[in-house]
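Okay, thanks everyone, let me pull this one up on the screen. I'll talk through a few spots in it, starting with charges.

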Amino acid sequence: MTEHVEWSEPEAPAPSASAAVTPADAADAARLVAFGLQPKLQPARDQEYVELLRRYREDPPFARLADAVAAGLGLVVLEVSPRAGMAVTAAEDSVFAVRMGDYARRTAADSGDRFLHGLAHLAVAALAFPRAEDLADDGYIGRVSVNGVDAFVRQACRRLEERAEEQGENTDPATDAPGLEAAWRIWARRSATGATKDARRPAASTTGIVAKAVAFLTDSGFLQRTGDDNGGTYRTTARYQLQVRDMAGSAAMAELLELGVVPVTDGTPTLLPAEDGDDLELVADAGLPFHS
């Protein structure tokens, strides 16, 4: 009896490591990561960047190599695409990680106000993308203003105060008390604009804190300034959307959105009106955020 044998094409030998990765490949992968570390650089404006992005999408071994280079630098690759470029974020132990202490020194912020600066960043993210579908839609562009962010936080302060009163909680914590809720209460006590002899916005005022936050986000390629109205108006970038997606599961972000300060019905969120507007001390002409 003759055994039937099915013939097939012989399998190609697996490429050797030396054939798969060359010094030129490693240099190109490192170059792509270097482009990703320039957050303001738009891929469409650099042909080499465009070609490396195309190679990443079409050449899996090269993509793995670029990912490995990024990982070795303590970077997490969020997305590689023509719209966002090579969008990376720094892991906690990365040399590229920006810590709150470093941020405070960079912005000349008082160390005791660091949690207020953190709250400003949280509020910008929540206002820029108030719905889960906003984060999921690659074409969505969020818009915020300095005065609008400050008004949003002050409205959140009012909501938290009402909730604490209903639950019979202490509503007068020490100014150095830790925790997000304490930060909101301290924010409500801080002057929104303050006053200086030359009419500048004091850095320690709440709008000054928000201004520093959005300036940092702009320098980092996450926001683009669009005008001077309402303390400064900004639009989000694809990189910022990816960053907010990465932090969207945080407890602080969820708690802020659950306050229901930003109702959304037709894609145009606004602040809910307060029961007593005089008590809120909102910034005049707050310029509440609008979205396209």
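So, to kick off: which side chain does arginine 131 meet in a salt bridge? The partner is aspartate 134, and the N to O distance comes out at 2.7 Å. Keep in mind that this is a predicted model, so these are values computed from predicted coordinates. What I like about this pair is how the two ends sit. Arginine 131 is partly exposed, with 21% relative accessible area. Aspartate 134, on the other hand, is down at 1%, so it counts as buried.

There's another pair with a buried acid. Glutamate 79 makes a salt bridge with arginine 83, and the closest N and O atoms there are 3.1 Å apart. Glutamate 79 has 19% relative accessibility, and because the cut-off for buried is under 20%, it lands on the buried side. Arginine 83 is at 31%, so that one goes down as partly exposed. Hang on to arginine 83, as we'll come back to it.

Next one: glutamate 48 and arginine 31, also a salt bridge, with 3.3 Å between the closest N and O atoms. What does this pair tie together? Glutamate 48 is in helix α3, residues 47–58, and arginine 31 is in helix α2, residues 23–36, so the bridge links parts that are 17 residues apart in sequence. Both ends are partly exposed: glutamate 48 at 36% relative accessibility, arginine 31 at 34%.

And how many salt bridges are there if you search the whole structure? The search turns up 13. They aren't just isolated pairs, either: Asp25, Asp28, Arg55 and Asp59 are joined up in a network of salt bridges.

Right, pockets. I'm going to skip straight to the second largest one, which has a volume of about 420 Å³. It has 23 lining residues, and here's arginine 83 again, listed among the closest to the pocket centre along with Gln42, Gln224, Thr237 and Ala238. Which elements give two or more residues to that lining? Those would be β4 (223–227), β5 (233–236) and α11 (238–247). If you're wondering about the chemistry, by class the lining has 9 nonpolar, 8 polar and 6 charged residues.

While we're around those strands, have a look at the loop between β4 and β5, where asparagine 230 sits. Its phi is near 55 degrees, so we have a positive value in a residue that isn't glycine. As a reminder, most residues other than glycine have a negative phi. Asparagine 230 is partly exposed, at 26% relative accessibility.

Now over to the surface. Leu37, Leu73, Val95 and Phe96 form a nonpolar patch there, and together they have about 350 Å² of accessible area. Where does leucine 73 come from? It's in the loop between α4 (60–72) and β1 (75–81). With 36% relative accessibility, leucine 73 counts as partly exposed.

Last stop, glycine 118, which is in helix α6, residues 114–128. At 27% relative accessibility, glycine 118 is another partly exposed one. Its C-alpha is 9.8 Å from the C-alpha of valine 210, with the two positions 92 residues apart along the chain, counting from one to the other.

That's my tour. Happy to go back to any of these on the screen.

Methods: Residues are numbered from 1 along each chain as its sequence is written. This is a predicted model: local features need pLDDT of at least 70, side-chain atom pairs count only at pLDDT 80 or more; totals for chains, interfaces and linings use all residues. Side-chain values use heavy atoms; hydrogens and water are left out. Patches are made of residues with over 30% relative accessible area and no salt bridge: like charges are joined within 9 Å, nonpolar side chains (Val, Leu, Ile, Met, Phe, Trp, Tyr) within 5 Å. Accessible areas come from the Shrake-Rupley method with a 1.4 Å probe; for residues, only the protein chains shown count as cover. A salt bridge is a side-chain nitrogen of Lys or Arg within 4 Å of a carboxyl oxygen of Asp or Glu. Helices (H or I, at least four residues) and strands (E, at least two) are DSSP runs, numbered from the N terminus. Buried means under 20% relative accessible area, exposed over 50%, partly exposed in between (1.4 Å probe, protein chains only). On a 1 Å grid over the protein atoms alone, a cavity is a set of points where a 1.4 Å probe fits but cannot get out, and a pocket is an open set with protein on both sides within 12 Å along at least five of seven lines; lining residues have an atom within 4 Å of a point. Grid points are joined across faces, edges and corners, and a volume is the space filled by probe spheres set on the points. Ala, Val, Leu, Ile, Met, Phe, Trp, Tyr, Cys and Pro count as nonpolar, Asp, Glu, Lys and Arg as charged, and the others, Gly among them, as polar.
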